[in-house]
Structures are given as structure tokens and as C-alpha cells.
Amino acid sequence: MTEGLDFTVKQRTDLGELAPRPRGKTQLEHRMEVENMTEGLDFTVKQRTDLGELAPRPRSKTQLEHIQCNKKLPIALNFEIIRRESIASFTARACKHRLPNGYINVTTKLVNGHNLTIETEEDRTIVQLKGTRYTFFNSVVSIVRATKFIHRNGRSDVKFLVRVVFSTGNVEFLISSKKYKRGLLEKIEEECPNFSLNKLIPNYSAIFDIFSQAILEKNSFLFTTVFDFSGWHQNEVGPGWTYLHGNLPNVEAVMKMPLASPADHIAGLNALLALVNRDAGLYIVFLFSHLGFTARLLGMAGLAPRFSLYATGRSGSFKTSLLKLLSGGIFETETDSSCECRFSDTKASINEAILKRIDSLLLIDDLHPTALKGERSAMKANLGRVLRAYGDGETEGKLGPDRKTNLKEKIFGAAWMTGEMVDFSAYSDILRIITVPIDGQSIDLATLTALQDNLDIVRKYFSSYVNFLGPRFQLIVKDFAGKLAMQRRVWRDVLKLSFGRYVDAAVALTLVNYLVWEAAKADGFLNADAGKLRGEQQILSFFKAIIANTELQKPTNIFANAFKEAFHNGQLAIARDRASYNSGVGEGYRDEKNVVLNSGYAKTFFERFCDSHQLTVPPLERAELVAAGIIEPDIERLKNLRKGGQRPSVYAFKNSVLGIENNAEDNERMNNDDN
């Protein structure tokens, strides 16, 4: 090339194939790197030229103007040289007659044979039809940028940023590519009250359609890609995954993670350990706070976490404060309805929050006792909805009002809840949840207050944890997949447990514990191996306690314990003997082996017991009670008639189940009850 302006190519951007139209005496044929260029040079590109960030050496009034293009250019590319000290980046501009971006001059032949010319001037758009020039409208309309929005579910759509230039100023708005062809004119008229279209021109609507297609094809505009969600996304170039959030380029999301140094990571971990290290249950809360970010890795390894955490305790126990501090909502600095939910929220709100919090941690607050049946039923329904969504790994398969929000889809993430009571609608719900009682005495309140006052400590800790996972994502998945069978076998043997869900919960938290301390070790945390071992001991201690409690929560055990408590408190209407019962006394009787109750009376009594204890237990079949060893299998209906000719169906409770011994104390209680 001719001598002149020296500049260096630091990066590369493909401008596309440019159609040539030689100007002057100089022409660039095909070069991957450019070293010298004469100021004021006009040139065309016949094939492809990669240009990147330019660092010029200014000469006189020289500078390469910002140029970029995403389409094939139909005409020569003119570089205008002006002065600038440095150039950070560049965009391309296709032009005809050196007109600015958005200006067009197109001619087409109509069906009737007439030529139609559309061209733009400084502040208006002109059409020429049948030799007559008309002002089509009082502005210049162009496409500034096309943005492809990629959604979490893999679907995507393109939106155009349209600029309307008036003599008095500009207006910009977005329009979907699907609505662009038929809806551009309507959108302009909606967004621009000053827009005036000459509707006296014959077939003005068809001409505007030709115009809208022309600016789509002839304008040069930027094309960008934007992710409109937060969460894990596999890198298209290079290994690993990236956790998308609003502080990353080309991501529009409410969740924003800060940059964090190794020192931030270690400081955050030390602060959180000071907060939770006093109690095994609190350490489980700490591990669970990582589960939303880790759930996808575990799921891809074959261990999708199918359980939620329920922190229960009296009002003032700081359970909600603790969980809010550790929830994904701390990254949402803007007001957003998905930060947390309440059990009293609507079904649609709960379902929407679950979908928004994929790859994060959703907090549902305040499951509380209430005397209002409708409110209680709604909270129970929402509890079951959350437990089943995360337990089954997918949302409900019902459509919401917009027919999109609640479509059934797979979810990764985790949910934890707070409340003052335990209220599970079925035993399967119990197996989908681990309950952590929090009394407030084990929480270091000074540390809790300090972290609440400076949320960046916790934000930077979790940001460091997520950044540790990203580049190692696939290696972690492969490693965990290989360890899974062994880990399940170890925990099944240690816990002596047949509950598959609890075994998997213990395995999942063990693997999270491993990652927590490996991440800490990578950033220089001392004694990380000792911390990992201590964490495993906390997990074992917690699950041994929870298994014992789960046995008590079996519906058949609740049933047996309800009648055991009632018998010893003298709450059952039992006759002294069979003869008294046959004569019409009481709703049952006692003999040497059994306490026999009318089955209808027993069912009603148990329903009232559950209602008074804020419990919802599904109806139990006779076969279930027999299989559990609670009632006799061969006593179902009395042979002799009661007074009134009845032969009622009965439950014959075994004395041993009710804790009854044939002694004087029990006999005395029977006499008192009969009297």
C-alpha cells in the first residue's frame, strides 16, 4: 500500500463480503493485516478484510471513522479520515452518495409497471411516483441495532431498535422482528405523536411496506446478542460454563454479582462460619445456601437434588433474617418480585418465582397457623406446589393466563422456606423436605447484624464460589458422576436407611461441602481439609437426628400416637366392658388384648386431632393400619348386635400400641372413664 498513515490491528472484526466499486486510483484487494494507509484514501474491498481495534498515529487531520457492518454491502465502502487521538473500537457504515446511516435511495418497479423511488433527505422521506415527488413523512426512519434476545428455555427472538429523526429531535423504540413487517407504521404512530404520514399518496400503505423492507435490507446496523436471564450457560467458545448475571456484558438480568478477590472469598467464608458453626442444623443451612448454584452440576452428574429445606421456629428466632442473608435475592439490588415469596401469595406468583429463580435459591416465607380455613388451604396448596416442583424437578404442566409463564419445564435450583409450624399434606412431602429447627440461641447475632449491614461480604463470597465452579463445570460433573454410586452406598450403610430421598440429600450436601472447601483451598484458605472433615461430621450428626424424627412423622405413627395420647389422657369414650358397650354405653370398649373403637368414631376423632395440631394427614386405609401392626387383622365387625340392632365396623387397637398394661392403674382409669 501507499505510504501515509501508520496504524496497527490489535483485534479482529469480520466486516463481511463487500461488493466493489473502485474509486480513485487505489483499491484494497484482500488483506488480513494492514500496515500503511494514505490519508484521505478511498478504497473498496473485493473479498474479506479483518479489521480490529485500531491505534492510529495521527497525521494532520487524520483518523479512521468508526465502521462495522453485519450485512453484505451493495456499494463501495468509503473511509472518511478525520482527526482523533485514539480509536477504541469501530463500526461499519454502508453509504451511497456519502449519506449518513439510515438514509436510503432505492428504486423499484411496481406491479403496474411504474417506477417507485424512495429516498431520504435530512429530516424527511421522499417518494417519487409517476414523475411526481411527494413528501412521504416528516422524518427519517432507520434501524440502529438488531438484538437477538436469548431466553432461559432456549427460545429466542429478535428486536430492532428503530430511530425516528425529526428536525426537533430523535425518538427510539424497540419492535419485535415478528411484528416489524406489519406493525412498524402503527408502532411509529404510537411512539411518535409528531409523526405525519402523507396518506393522500396512492397506495401509501403498500409503499410504506416497501420502505420498511428497504431500510431492513439497505441500512447497516449493529447486530448484538443479549441474554435476558441469570443462571448457568454453556460457553459457545472454549471449555466450561458461565454463570450469567447483570454485571456481565450482553446480559440483562436483575441478579448482579460483584467482582471478588481471593481475600474477599476467605473473609466471607470466615464470617459465615462464625455465624453457623455452633450448631449442626445451622451448618446444613449454610451448605444449602450453595445448592441453588450447584443444583445443575449435581443434576447433570445424575443426582438432581429433590429436596427443600424448611427452617421452623417461633417468631423472633431470626430464621427469616438468616435465610434472607443467604438467599439469591441478595444479588438483586433492584426491586423485583422474585426475590422472595410468601405462602399467602397466589399460585401464579409462586409459579413465576420458581421459574425466575432457576440456578438460584428461592425463599418462601411465613408458613404460620391461622384460623381462616381458606387461608390455611391456600398456604398448604402452595407448600405442596413448591415441594413437588423441586422434588420432581419440573413445574406444573398447566398454562397460566398468558399461556406461556407456567408451561411445564425442567428446573434446576433450590428452595427453602420458613414458618412456625410443620404442616405436610402427605408422607411423600416429608421425604421431599429436611426440617431445621432454629431457636435463635445458636446464631451469632453480632455476626448476623454485621453481615446484614454489609451485604457485599456475602455477595462476594458466593460470587467467588460461582466463579470457582464455572471453568471446572464439566470436570466437576464428570468427577461427581464417577463418585455417585460409592457415595450412595456409603451413606445408605452409615444411616442404615431405606429412604432413598434422604440418602440422596445426604450425598448432595456432602458433595456441596466438598466444593465449598475445594473452592476455599483454591483461594488460599488454610486448613481447608480439616474444615471439609468437620463439615462431613456435621452432616452425619444432622441426618441421624432427622431420620429419627421422620419415623415419628409417618402417617401410621401419627395415628397410633394420637390414640395413645388420647387413651392416657382419658379422652376416648370407652365402655367398661363389652356388655356395657352393647347396652349403648360409649363408642368402644376394652378387653384383655384390645381397645375396640367404632371405626367411624375413630376416624372423626383423628380428623379433629389433626386439625387441632395443624396437621394434614391423608385418610388411612384399614390395610395400612393392619400392615403397621396397629389394629387386629381379624376383628373388623362385631358379631353381636348393639342396642338398636347395630353391628358396627370397628378398629381393634392392640394394647401394646397404646402403651397399655393390665395393671391396677389402667383399670382405675377405665372405671373413672366409665363413671
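This report describes a helix pair and a small sheet with two helices packed on it, in a predicted model.

**The helix pair**

Two packed helices are described by the angle between their axes and the distance between the axes. For helix α6 (residues 319–326) and helix α10 (residues 445–453), the axes come within 11 Å and cross at roughly 45°. α6 and α10 are therefore oblique to each other, and their crossing is left-handed. On the α6 side the contact is made by Ser321, Leu322 and Leu325, which meet Leu448, Leu451 and Gln452 of α10. Sorted by class, this contact of α6 with α10 has 4 nonpolar and 2 polar residues, and no charged ones.

**The sheet**

Strands of a sheet pair through backbone hydrogen bonds, either parallel or antiparallel. Here 3 strands form an open sheet in the order β21-β22-β23, with antiparallel pairing. β21 (588–590) and β23 (650–654) are the edge strands, and each has a single partner strand, so one side of each has no neighbour in the sheet. From one strand to the next, the twist averages 15°. Strand β22 (residues 594–598) runs antiparallel to β21 and is joined to β21 by 3 bridges. Within this pairing, tyrosine 589 has valine 596 in β22 as its bridge partner.

**Helices on the sheet**

Helices α14 and α16 pack on the sheet, as listed below.

| Helix | Strands touched | Angle between directions |
|---|---|---|
| α14 (residues 555–568) | β21, β22 and β23 | about 80° with β23 |
| α16 (residues 599–612) | β22 and β23 | about 85° with β22 |

The edge strand β21 is thus among the strands touched by α14, while α16 touches β22 and β23.

Technical notes. Residues are numbered from 1 along each chain as its sequence is written. This is a predicted model: local features need pLDDT of at least 70, side-chain atom pairs count only at pLDDT 80 or more; totals for chains, interfaces and linings use all residues. Side-chain values use heavy atoms; hydrogens and water are left out. Axes are lines fitted to C-alpha atoms, for helices over the stretch in contact, and angles run from 0 to 180 degrees between N-to-C directions. Helices (H or I, at least four residues) and strands (E, at least two) are DSSP runs, numbered from the N terminus. Angles under 35 degrees count as roughly parallel, over 145 as roughly antiparallel, 65 to 115 as roughly perpendicular and the rest as oblique. A crossing is left-handed if the near helix is turned anticlockwise from the far one by less than a right angle, and right-handed if clockwise. Contact means heavy atoms within 4.5 Å. Ala, Val, Leu, Ile, Met, Phe, Trp, Tyr, Cys and Pro count as nonpolar, Asp, Glu, Lys and Arg as charged, and the others, Gly among them, as polar. Two strands pair if DSSP finds at least two bridges between them.
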